[in-house]
Amino acid sequence: MSVPPLPSPDAVRSILAIQVSRIGDTLLSTPTLRAIARQYPAARLTVLAHPKRREVLENLPFIYRTGSISKNTAWLQALLPGPKYDLAFVFGHDKPLVRYALKRARRVVAMRQDDPGLDQALFHAASTPGFQSRHAVLMQYALIEQLGIPLAGRHLGYQVRDDERAWAETKLQQTLGQRPFPLIGLQIASFPTKGYRDWPLEHFIALTGRIRAAYPGAHFLIFGGTLEQARTQALARHLGSAASHYAGQLSLRQTAALMACLDYYIGVDTGPTHIMGALHKPMLAMYHPYSPSQNLMPLEHPALTVIDHPQAGQVGPEASMAAVSVDTVWQALAPELVKLRVG
């Protein structure tokens, strides 16, 4: 199938991108969004995202405006008056979102929808790569890859605002007084449908014990949502005054602002770990064999330590993360903490 030539940069002044997915996939699409903005530097890029995810895209320098949409509301939004765009890009395979874009834009690029009528209406229908055949950033990039738009870096994008950073610093000062060292963030659980990615609570308890033995002044910020509070609260009780429990108490952007203040972060594979990867702060991430690091780890990250399950890429969701031992994690973590102290 021939690929149509892109309109020239001078012919494009407004671009729509639609990305309705979880936090992780939304962040994993930021290199592609950056590439689109770089291809059309004079155009204003508007991104519509899931109402609960759009905030992860706020304040990025290559996005002009963010808005909300869902596959359930797209048909109604298409009936209402709205802006028109020269070009639109739709991530994923939700036909209502593609139909919305076709109502709003002169040319629409989307993944092939397996709907001949809909695919024919597209300016370009991109081919979907095979499952886990490449890194997740490149899975998102498949939307524009055949058009010849080059990536402008594979690193994820997230921007903490100055006021958010000031709030976080004030919060820590009020809570902790003198700044402890090291200040370590913990994300102990993924979302419920990916619970197989979770490292056992008793392993986190043992690991934090080793950290405290080496660094008696260490303090831990425990992140997470409301659904895993039983585990996060259990860890907080075990750590006592050495921990501040924030799971289920902060907005996404407040969590990210506190993450930006950390000396180090330890987490399982989930949305906040992608955010931490975008912040380019020192971190350790653990990956389940069904979703190995080669597919999901932060790219172009300056201070990343990766821990893969010993059967990475060989087994499915039934594998237990308990197979990743505390010894394995500590042996990888200890020299990284030394670097922080020396630095």
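Start by selecting Thr305: with a relative accessible area of 9%, which is under the 20% cut-off, Thr305 counts as buried. Bear in mind as you click around that this is a predicted model. Thr305 sits in strand β12. Now show what surrounds it. Leaving out residues up to four places away in sequence, Thr305 touches Tyr264, Met283, Leu284, Ala285, Ala332 and Glu336.

**Next stop: helix α13**

Two of those neighbours take you onward, so select residues 326-342, which make up helix α13. Its 17 residues cover 24 Å from first C-alpha to last, close to the 24 Å expected at 1.5 Å a residue. Look along the helix and stop at Leu333, where there is a kink of about 25 degrees, shortly before the proline Pro335.

Which residues of α13 are buried? Colour Val326, Val329, Trp330, Leu333, Ala334, Glu336 and Leu337. What do they pack against? Switch on β7 (183-187), α8 (201-214), β10 (264-268), β11 (283-287) and β12 (304-308), and you have the elements these buried residues pack against.

**Into β7**

Keep β7 and hide the rest for a moment. Five of the five residues in β7 are buried, so the strand is largely enclosed by the rest of the structure. In a regular strand, side chains alternate between the two faces of the sheet. Here, Leu183, Gly185 and Gln187 point one way, while Ile184 and Leu186 point the other way.

Bring in β8 (residues 219-223): β7 and β8 pair in the parallel sense over five bridges. To find one bridge, pick Ile184, whose partner in β8 is Phe220.

**Over to the six-stranded sheet**

Now for another sheet. Its six strands run in the order β3-β2-β1-β4-β5-β6, the sheet is open, and the pairing is parallel. Why do β3 (65-68) and β6 (124-126) each have one side without a neighbour in the sheet? They stand at the edges, each with a single partner strand, so one side of each is left free of sheet neighbours. Sight across the strands and you'll see a twist that averages 20 degrees from one strand to the next.

Zoom in on β1 (residues 14-19) and β4 (residues 87-90), which pair in the parallel sense over four bridges. Label Ala17 and you'll find Phe89 of β4 standing opposite.

Then add two helices. Helix α6 (residues 136-145) packs on the sheet, where it touches β1, β4, β5 (108-111) and β6. The direction of α6 makes about 140 degrees with that of β5. Helix α2 (residues 30-39) lies across β1, β2 (44-49) and β4, and runs at about 155 degrees to β2.

**A loop stop**

Select Pro81, in the loop between α3 (74-79) and β4. Is Pro81 buried or exposed? Exposed, with a relative accessible area of 82%. If you like drawing distances, try Pro81 to Asp25: they are 56 residues apart along the chain, and their C-alpha atoms are separated by 29 Å.

**Zoom out**

Finally, display the entire chain, with its 13 helices and 12 strands. The C-alpha trace spans about 60 × 45 × 35 Å along the principal axes. For 343 residues, a compact globule would have a radius of gyration near 20 Å, and the chain's 21 Å agrees with that. Colour by burial and 54% of the 343 residues come up as buried. If you plot a contact map, consider contacts between residues at least 6 apart in sequence: 61% of these join residues at least 24 apart.

Definitions and conventions: Residues numbered from 1 in each chain as written. Predicted model: local features only at pLDDT ≥ 70, side-chain atom pairs only at ≥ 80, totals over all residues. Heavy atoms only, no water. Pairing = 2+ DSSP bridges. Axes fitted to C-alpha atoms, helices over the stretch in contact; angles between N-to-C directions. Contact = heavy atoms within 4.5 Å. Buried < 20%, exposed > 50% of the residue type's maximum accessible area, 1.4 Å probe, protein only. Expected span 1.5 Å × (residues − 1). Bend = angle between axes of the 7 residues up to and from the residue. Rg over C-alpha atoms; globule rule 2.2 N^0.38 Å.
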